[in-house]
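Subject: Structure for your review

Dear colleague,

Please find below the structure that I am handing over to you. My findings follow directly after it.

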Amino acid sequence: MAGVLDDAEIARALSITAHPDDVDFAAAGTVARWTEAGIEVVYCVVTDGDAGGFDEDVPRGDMPALRRAEQVAAAKCVGVQDVRFLGYPDGRVEATLDLRRDLARVIRQVRPDRVLCPSPERSYARIGIGHPDHRAVGSAALDAVYPDARNPFAFPELRERESLAPWIVREVWIAGGAEPNHYVDVTDTFPRKIAALRAHESQTGQMEDLPGRLKGRLALMAGQAGLPEDRLAEGFRVLDTA
Ligand SMILES: [Zn+2]
């Protein structure tokens with residue numbers, strides 16, 4: 001197992017994801033445990049998920065506001081009140097210097113001990129996990145953690161114009177990667193994860209047996225973690241970035 005910091009050592013955590021609903025599919029059970037432990041969690045969502053949904057009757061122009069509202073409601077289900085959107089176009093995210101600067105800005109504003117982000121790697125096992133936006137955000141988030149947010153000479157405008165001091169994130173939790181090295185038992189917070197996912201009505205409204213499907217996947221991870229048969233777990237690759 002990785003040398004993971006105890007939740008008691010963590011004051012603030014920042015989740016960086018590409019789309020509204022990503023954090024809830026990947027990690028809402030874990031986020032609920034963090035907020036229950038007294039950690040202040042902030043969400044940063046890079047796009048408004050404006051290319052998502054299945055209902056052709058919803059005007060596409062309404063989608064950004066709808067999906068933002070869904071993510072804010074989902075966040076409340078797991079104890080998160082602070083949700084920030086960067087407004088990048090869904091489906092066209094690249095790990096540009098602009099995105100790295102925007103993420104470094106949020107890291108310096110929030111000053112998190114722990115950052116949660118998607119994997120920058122393609123998944124051959126589950127193609128949806130390696131959505132190009134996820135990979136771009138994962139790559140830019142890791143670059144923002146190291147070196148951008150901590151290097152006082154990276155993006156000097158953040159210091160000079162916005163008075164944002166450098167910040168060192170102590171650890172990063174990568175969700176959806178091929179090789180998890182840390183598992184969180186989310187059996188007790190599973191109902192809160194389901195409530196959060198149901199809040200994304202435009203995405204999950206048509207999914208049949210959402211709890212059953214999720215349970216299968218989370219039980220598999222609990223098995224990998226060596227937990228008893230009736231447990232559910234979310235898996236992460238935890239990196240020491242201090
Ligand atoms: Zn996504």
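Strands β1 (residues 12-17) and β2 (residues 40-47) run parallel and are joined by six bridges. Within this pairing, I16 of the first strand stands opposite C44 in β2. Please bear in mind throughout that this is a predicted model.

The two strands belong to an open sheet of seven strands with mixed pairing, in the order β3-β2-β1-β4-β5-β7-β6. Its edges are formed by β3 (82-88) and β6, each of which pairs on one side only. On average, neighbouring strands of the sheet are turned by 25° against each other, with direction ignored.

Helices were found across both ends of this strand order. Helix α2 lies across β2 and β3, and its direction is at about 155° to that of β3. Helix α8 lies across β6 and β7, running at about 55° to β7.

Turning to the metal site, the zinc ion has three protein donors, namely H19 through ND1, D22 through OD and H134 through NE2. These donors lie 2.0 to 2.1 Å from the ion. Along the chain, the donors follow the spacing H-x2-D-x111-H. Both H19 and D22 are buried.

Helix α6 may also be of interest to you. Which of its residues are buried? They are F190, K193, I194, A196 and L197. Viewed down the axis of α6, these buried residues fall within an arc of 160°, and they therefore line one face of the helix. The cover over them includes the helices α1 (22-36), α2 (63-77), α7 (201-204) and α8 (210-224), together with strand β7 (233-240). Helix α8 and strand β7 thus appear in two of the findings: both are part of the cover of α6, and α8 also lies across β7.

Finally, I would draw your attention to T187, which is found in the loop between β6 (182-185) and α6 (190-198). The side chain of T187 makes a polar contact of 2.6 Å with the side chain of D185, a residue of β6. Leaving aside residues up to four places away in sequence, T187 touches D230, R231 and L232.

Yours sincerely,

A colleague

Note on methods. Residues are numbered from 1 along each chain as its sequence is written. This is a predicted model: local features need pLDDT of at least 70, side-chain atom pairs count only at pLDDT 80 or more; totals for chains, interfaces and linings use all residues. Side-chain values use heavy atoms; hydrogens and water are left out. Helices (H or I, at least four residues) and strands (E, at least two) are DSSP runs, numbered from the N terminus. A polar contact is a pair of N or O atoms within 3.5 Å; within protein, one must be able to donate a hydrogen and the other to accept it, and residues adjacent in sequence count only if both atoms are side-chain atoms. Contact means heavy atoms within 4.5 Å. Donors are N, O and S atoms within 2.8 Å of the metal (3.2 Å for Na, K and Ca); water is not among the atoms, so sites may look incomplete. Buried means under 20% relative accessible area, exposed over 50%, partly exposed in between (1.4 Å probe, protein chains only). The arc is that of the directions from the helix axis to the C-beta atoms. Two strands pair if DSSP finds at least two bridges between them. Axes are lines fitted to C-alpha atoms, for helices over the stretch in contact, and angles run from 0 to 180 degrees between N-to-C directions.
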